[in-house]
Amino acid sequence: MCENIYKPYLMVIDQIVDETADVKTFRLKFKNQEDADKFTFKAGQFGEYSIFGEGESTFCIASAPTRKEYIECTFRKAGRVTNALANAEVGDTVGFRGPYGNTFPIEQWEGKNLLYIAGGIALPPMRCVIWNTIDLREKYKDITIVYGARSVADLVYKHELKEWEERPDIKLITTVDPGGQTPEWKGEIGFVPTVLEKAGLTSANTIAILCGPPVMIKFTMPVLKNMGFEDKDIFTTLENRMKCGFGKCGRCNVGKLFVCKDGPVFTYEEMKVLPAEY
Ligand SMILES: Cc1cc2nc3c(=O)[nH]c(=O)nc-3n(C[C@H](O)[C@H](O)[C@H](O)COP(=O)(O)OP(=O)(O)OC[C@H]3O[C@@H](n4cnc5c(N)ncnc54)[C@H](O)[C@@H]3O)c2cc1C
Ligand code: FES
């Protein structure tokens with residue numbers, strides 16, 4: 001009999017971290033050890049996470065493939081499914097289908113500097129590849145992470161930001177929008193493109209991975225171009241609405257591309273062929 005491709009794995013919520021007032025991270029473990037043993041994924045891929053009786057939502061896999069035995073997702077309460085997921089508790093069972101989509105080509109980046117630039121809730125889609133390359137640290141040269149949020153309260157993964165800040169082999173620059181700082185805040189104050197511009201970084205032998213709200217992307221791209229980056233060396237990941245996740249329903253198409261199958265990871269060179277709104 002044919003395996004049902006829509007049937008999710010059963011996952012138990014092992015840990016919940018409240019990142020901000022409306023963002024949570026779930027650590028999920030496979031209920032069936034056989035599923036856990038067989039499961040593999042690569043940085044950049046995503047899945048369909050379900051809460052039974054409510055529906056499915058698309059989130060990237062936010063943990064690194066180098067960390068076995070569990071997967072993590074970080075989501076913001078946006079609507080029906082994410083609100084229901086946010087009410088789930090440790091020990092509850094949820095569904096997961098995946099992994100789907102293409103991946104960040106981290107093997108091709110070996111020997112290069114990596115510049116990660118993220119804004120707000122866009123750090124989760126990048127966390128997987130960040131940890132993946134940190135776990136393979138000797139393969140890469142400088143790793144720089146520029147991360148901005150509206151306010152200190154909106155920064156996600158605060159515990160990990162501290163860890164990255166303390167590591168001598170990672171350069172972390174955090175920033176909050178003017179007015180979003182607290183008296184204790186020791187990071188930068190300013191928008192991500194401005195902070196990036198004055199960071200004194202270059203494009204030499206460097207790959208940039210950029211993810212954030214459209215306004216951040218709009219003003220960061222010229223900064224990257226001024227730094228000398230070519231479009232083929234700038235990567236991003238798209239978040240179009242999806243249904244099936246693997247190229248069957250046509251929900252996510254952009255021009256002739258399916259974001260779920262041909263993406264979600266694209267270079268800016270590849271994005272040039274997409275319709276103007278992208
Ligand atoms: C590849 C991919 C990876 C993603 N990764 C993450 C992640 O790691 N964390 C996370 O919080 N979210 C992520 N998203 C977005 C997430 O899928 C939606 O926010 C979520 O599905 C909303 O589900 P819901 O049922 O709670 O909301 P719904 O009731 O479906 O919608 C709530 C509101 O959000 C809008 N909306 C829903 N989905 C999208 C979307 N894709 N783009 C723009 N607006 C949307 C709706 O129009 C509506 O206004 C990702 C999306 C994709 C395609
Ligand atoms: S989500 Fe169904 S084709 Fe992409």
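Q: Hi! Looking at strand 12 and strand 15, how many bridges join them, and do they run parallel or antiparallel?
A: Hello! Strand 12, which covers residues 234-237, is joined to strand 15 by three bridges, and the two run antiparallel. Keep in mind that this is a predicted model.

Q: Okay, and what is the bridge partner of Phe 235 in strand 15?
A: That would be Thr 267.

Q: What sort of sheet are they in, and what's the strand order?
A: The sheet is open and has seven strands, in the order 10-9-8-7-11-12-15. Its pairing is mixed.

Q: Which strands are at the edges?
A: Strand 10 (188-189) and strand 15 (265-267) are the edge strands. Each of them pairs on one side only.

Q: Switching to ligand 1: which residues come nearest?
A: There are 18 residues around ligand 1, and the nearest are Thr 58, Thr 74, Thr 82, Glu 239 and Arg 241.

Q: What's the mix of nonpolar, polar and charged in that shell?
A: Eight of the shell residues are nonpolar, six are polar and four are charged.

Q: And which helices or strands supply at least two residues each?
A: Strand 4 (55-60), strand 5 (71-76) and helix 2 (80-86) each do that. Strand 4 gives the most, with four residues.

Q: Cool. What is an oxygen atom of ligand 1 close to, say within the side chain of Ser 57?
A: An N or O atom of the Ser 57 side chain sits 2.8 Å from an oxygen atom of the ligand. For Arg 76, the backbone takes part instead: one of its N or O atoms is 2.9 Å from an oxygen atom of ligand 1.

Q: What about a nitrogen atom of the ligand and Glu 239?
A: There, a polar backbone atom of Glu 239 lies 2.7 Å from a nitrogen atom of ligand 1.

Q: How much of ligand 1 does the protein bury?
A: The protein buries 70% of the 890 Å² that ligand 1 exposes when taken alone.

Q: New topic! How many disulfides are there in the whole structure?
A: Zero turn up in a search of the whole structure. Take Cys 211: the nearest cysteine sulfur belongs to Cys 60 and is 8.2 Å away, while a disulfide needs the two sulfur atoms within 2.5 Å.

Q: Is Cys 211 buried or exposed, and why?
A: Cys 211 counts as buried because its relative accessible area is 5%, and the cut-off for buried is under 20%.

Q: And Cys 252, buried or exposed?
A: Cys 252 is buried too, with a relative accessibility of 4%.

Note on methods. Residues numbered from 1 in each chain as written. Chains lettered and ligands numbered in written order. Predicted model: local features only at pLDDT ≥ 70, side-chain atom pairs only at ≥ 80, totals over all residues. Heavy atoms only, no water. Buried < 20%, exposed > 50% of the residue type's maximum accessible area, 1.4 Å probe, protein only. Near = heavy atom within 4 Å. Polar contact = N/O pair within 3.5 Å; in protein donor to acceptor, adjacent residues only side chain to side chain. Areas by Shrake-Rupley, 256 points an atom, 1.4 Å probe, with all protein chains shown as cover. Nonpolar A, V, L, I, M, F, W, Y, C, P; charged D, E, K, R; others polar. Pairing = 2+ DSSP bridges.
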